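Subject: Handing over the structure

Dear colleague,

I am passing on the structure that I have been looking through, and I would be glad if you kept it open beside this message while you read.

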Amino acid sequence: DYILLDPEERKRLFISCVQIPHSIYVIRSPVPWHDEMEKRVKICSYGLFVPSAMSLALNSLWHDKYAQLRFVDIETIKKLEKPLTPQNFEALISKQCLTTRDILMRKWIPECAELFIKMRGQWTYLLPDNRSLPTKQAEVFFASIEALMSNQLRSIVEASIAELTLLFEEYRALNSFKDEYDETEFIKKSVLLIKLKIADSKVTYSPRMSEIRERLLKCFQSITNAATNLPRVETHLFPELAEQPLYIRSVRYEEGFVTESTERSLHVFRLNSSGPKQYLEYYRPYRNLLNNKAEMELRSFMKERHVLIVQKKNKGLIPAGDPLEDHLDESLNQVKKQLDAFRNSKMEILGLRYRVPLQLFCLDCEEVNMHLAEKVQKLRDILANYELDEARDINRSICRQYENITNKLSEEPANTQELVDLQEFLKETQNTTAFKLLAQVGDSIEHLKFILDFTFMSADDIRMNSNVFHWPEYIKEIFDMANTRLATWQEAAEEALKNRIAALNKRISSSVEFVKIIQKMEVFSRDEIKRAIKTLDDFQALIKEFNDEAEAIATEEKLLNVEESSSFQIADVRKTMEPYDKLWRTGNDFEEKSRMWLDSPYWKIDAAQVETEIGEMYKTIHRLNKTFIDQPGSLKIAQKIKAKIEKFKEYLPTMQIVCNPGLQRRHWESISKITGFEVMPTKKTPLHDLLGMDLSKFLPKLEEIAAAAAKEHKLEIALQKMKSDWENMNFELLPHRDTGVCILTGVDDIQILLDDHIIKAQTMRNSPFIKPFEEEMSAWENKLVNMNESIDVWLKVQATWLYLEPIFSSEDILAQMPEEGRKFGVVDVLWREIMGETAKNPNCLVATDQRDMLRRLTDANVLLEDIQKGLNDYLEKKRLFFSRFFFLSNDELLEILSETKDPLRVQPHLKKCFEGIIQLNFTEQQEILGMVSAEGEVVPFVAKIYPAKAKGMVEKWLLQVEEMMTQSVRKVISDSIDAYEKTAREKWVLDWPGQAVLCGSMVYWTSEVQTAISEAKLLSEKLKCDKQIEDIVELVRGPLTSGERLTLGALIVLDVHARDVVAELMQAKTSSITAFEWLSQLRYYYSPKENNSIFVRLITAQITYAFEYLGNSSRLVITPLTDRCYRTLMGAIQLNLGGAPEGPAGTGKTETSKVKLLFR
């Protein structure tokens, strides 16, 4: 204290001030706190048991036996020979914790209870003598004991957690590696084993990192859980407390110490998580094996190779220079490379590490490595087995072909054709097939050499290869044997052929007997006719046999290359018999047919056909009479037949009359009047009855009646034919949308048939033979004409109804056109009625015969014409109100007007009404906020448009859209011009719509060039233009939206032209803004005072910018021709004239006209 009195010392010792000493007091009892002191001493003597003998004994027991006890035996874990899987590690920790808990339960707590019993004198005085007295002091005592034991228990729990945490922190270092994995960097023995497995065609961990993390946390939880719910010592001392839930307090899992330890361990876990992920990259080259892509590629290659092998098999012997041979060689080389690659890949996989230590973790890769090696081996086996199978198939095919040749040559031919075929087969086999097979055997040998390098062959394959190699020598012996056998069979076949020829000639000679038999027949009776016909039939069958045998002999002669024998006498024999055949067959035909004609009902007989057949018979018999002039018997038969035919011919004129199918009752009555007796046959009257009436003497008059009847019949048949054509002619109907009405379709065929029948009916009605059914003919003609007129008007009404029906289905149209709507309602009712009846019976005759159909359809057509006229007047009014409606067709305009309550129905047609608007931006409340171009550029309106206020008048709110479009474009352009000087140009061009950028840029270019001309600074202006172009080009090279790219593309076109204009002004040395070089350029002038208007000037012409929105479209390059068009068209517009650009494609006509759209 004395030293500190010196200020220098205090400064040296950095002491700024010294404590003021306390005053000294003398205390005399009793002091003020004496009572409080006694009170506290009493409390301590009542409830403070820490220094008690019982506590000291418990402490001694704990430190002697249990203080070193741990829930986790770290040394045991460190001494493990192999790392454990997370599941086994957790199980080990859990087992150790349960073991320690068992020690505490079975030893520590019972031993503590025994101490209490031995030292009962130290604590029993705290128990009341009477159960009714309070046990507060005993409870305090045991609470202090519980607190002591709790601290002891907590100490080993905390020590266990700390030691486990330290165990994990020994692996704090990162386990990632830079380039290649080096096992020497990870010499520390790992604790946890992670198995790699294949899932979803990828190599993954088993278990996952998240599961490993959970198991690590469960290890700490196992420690805390093992120390919970240990019973207090009093439950052993007092039986009545044994069932009470009295437990020693321990460390809870939620406490800060545990949380901190788990976080430290998880930090180590996270540091060690990168290594396993990094090592998985070693398996990336094998992902094609896991996702089966390698197998699919292999099978695709095998399929292509199989196609090549099949092509070679089909071609057989491949000629030199054929590209197929090169493809096969290349394919075989590819197979060799694939097999080598599979073998190398398998060795590489087997060379991978099975165990990979990575600090805390150790990867078990054995399962994955073996799986990958099996995959590679499988692919190699597939390819090798495929090649072995192909070789096996080729060898089988070769053996099969040799066996087929052997079997074919071993066959014995059943006839000459088979003999010749066998000879041709032997020749073809020796000259061609044998050489092809020999080439295939050579290829098989080469393929076998290749296969033996990569795989083993079974005994069957070796046996088959041996057979293949021996076949070429063995087949030569087969050929020699076959040649010998075929030569023997050839000689036998030739000998048999000679015998067949001799036998045929002998049979032909004996056939003359038939002619002799037929010549001896001289009686023309029914029995003789039957006998003659049978003889002739037998003769014809014999002649057919001769012809078949002769053809077979000729065929064998050609097959055996034998000289053809002389022609057989078959034709001569047949020619000899031919007159007799005609004679008897003609006589037989006449007898049968004449009997049939005379006995048949007269109306079934065709007189013209009878006359034709009788004529042919007569000609044949007449010629035969001349032929048999030297043969009395046959001549007699011919004369008898001729006489009969001549007699029958006398009936032919009468048959022509009575067998006329046109004869009706009226005609038979006329015939009866002429003959003088009744001639009225029935359906059953036979012809011979009519012929027996001797009508031949009335033939001239009867022929007139028959001729008239035939013509009338022809007309009647034609009329019935027309009616039958219409019986099955129906209208084709199709349902029309959801109207519930059908419409006519496909009436072209009906109209063509109708026109044809009308012409026929008119021609028939003018015939002089129509009188018997003139009324029927007239009625039919009127029916056809009425049907034709009805269908014509029907189709007109249908076409107009189809056009107007969707229009007048709209309530909006009906409200605006009430009179036309009423008329259409009348037509609609009529139309539905007619079509409803037609649908019930669509037959043309029935459908067109409805009540007053023609009149009703004509009246409906008149009403529809009035409706169309009113509709056109209505549309014209709408177009006059909103002129842009002239760009729409009637159908498009009606679609808009029919849905006035839905403004969105206008959207599809906006492109035709406005050049740059593809759609309007509507809100959910049907309010219009802005316009959208085809390129997706959005320009907001300066004010909202409310279509609902137009009360259904579409043209009214569209006119507001037109006005709002010009106002909005005017505002956007004026705002962009105001912002031009405040913003960098590179940013400004991206902030505004494309049209505003182009217009504003031209306004400022005009102003800057005019100033440069006045101040003679055109050079600096040109450099500025170059700099602006470079800046825009740099922007274009960067990331842009499609809309921004379009804007910049068009701007570059204008900037390049502007730069070129400045260069021309420099070259012309322009020094005045009134010079023609400057006045002849298109210039933009902005006037804020005149409602932000923009004026476009060129020479003496001035036009106001119309602010029509054109969207964000691209621009074509501006050429001198474009400038010339600008000058011409601007002058024409100034004079209220028009212009029509003309020229080749791609010269800028459309682009120039689009620019002029900006001006009015």
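Below is what was found, going from the whole chain to its helices and then to its strands.

Please keep in mind from the start that this is a predicted model. The chain is divided into six parts, namely domain 1 (48–282), domain 2 (287–488), domain 3 (510–659), domain 4 (661–727), domain 5 (732–881) and domain 6 (983–1156). If you take the centres of domain 1 and domain 6 over their C-alpha atoms, you will find that 85 Å separate them.

Two stretches carry annotations in UniProt, both from an unreviewed entry. For residues 529–556 the UniProt record gives "coiled-coil region", and in the model this stretch is 100% helix and 0% strand, with its end C-alpha atoms 41 Å apart. For residues 571–975 the UniProt record lists "domain: Dynein heavy chain linker"; here the chain is 66% helix and 6% strand, and 116 Å lie between the end C-alpha atoms.

Turning to the helices, you could begin with α18 (residues 526–559) and α19 (residues 570–599), whose axes come within 9 Å of each other and cross at roughly 145°. This crossing of α18 and α19 is left-handed, and the residues in their contact divide into 13 nonpolar, three polar and eight charged.

A second pair is made by α25 (residues 699–727) and α27 (residues 774–808), where the axes come within 11 Å and the crossing angle is roughly 35°. Here too the crossing, of α25 past α27, is left-handed. On the α25 side the contact is made by Leu 719, Gln 720, Met 722, Lys 723 and Trp 726, which meet Glu 776, Met 777, Trp 780, Leu 784 and Met 787 in α27. Sorted by class, the contact of α25 with α27 has seven nonpolar residues, one polar residue and two charged residues.

Next come the strands, starting with β9 (residues 919–922) and β10 (residues 928–932), which run antiparallel and are joined by four bridges. Within this pair, Leu 920 has Met 931 in β10 as its bridge partner, and in the hairpin, which has five residues between the strands, Gln 926 takes a positive phi near 65°. On β10 there is a further pairing, again antiparallel and over four bridges, with β11 (residues 938–945), in which Val 932 stands opposite Val 938. The strands β10 and β11 likewise form a hairpin with five residues between them, and Gly 936 in its turn has a positive phi of about 90°.

Further along the chain, which strands stand at the edges of the open sheet of three strands? The order in this sheet is β12-β13-β14, with antiparallel pairing, and β12 (1083–1087) and β14 (1101–1104) are the edge strands, each with a single partner, so one side of each is left without a neighbour in the sheet. Neighbouring strands of the sheet are turned by 25° against each other on average, with direction ignored. The pairing of β12 with β13 (residues 1093–1098) is antiparallel over five bridges, and Tyr 1086 stands opposite Ile 1094 in β13. Helix α40 (residues 1120–1134) packs on this sheet, where it touches β13 and β14, and its direction makes about 75° with that of β14.

With best wishes

Key:
Residues are numbered from 1 along each chain as its sequence is written. This is a predicted model: local features need pLDDT of at least 70, side-chain atom pairs count only at pLDDT 80 or more; totals for chains, interfaces and linings use all residues. Side-chain values use heavy atoms; hydrogens and water are left out. Domain bounds come from an automatic or database domain assignment. UniProt positions are given in the numbering used here, feature names are shortened, and annotations may be inferred rather than shown by experiment. Helices (H or I, at least four residues) and strands (E, at least two) are DSSP runs, numbered from the N terminus. Axes are lines fitted to C-alpha atoms, for helices over the stretch in contact, and angles run from 0 to 180 degrees between N-to-C directions. A crossing is left-handed if the near helix is turned anticlockwise from the far one by less than a right angle, and right-handed if clockwise. Contact means heavy atoms within 4.5 Å. Ala, Val, Leu, Ile, Met, Phe, Trp, Tyr, Cys and Pro count as nonpolar, Asp, Glu, Lys and Arg as charged, and the others, Gly among them, as polar. Two strands pair if DSSP finds at least two bridges between them.
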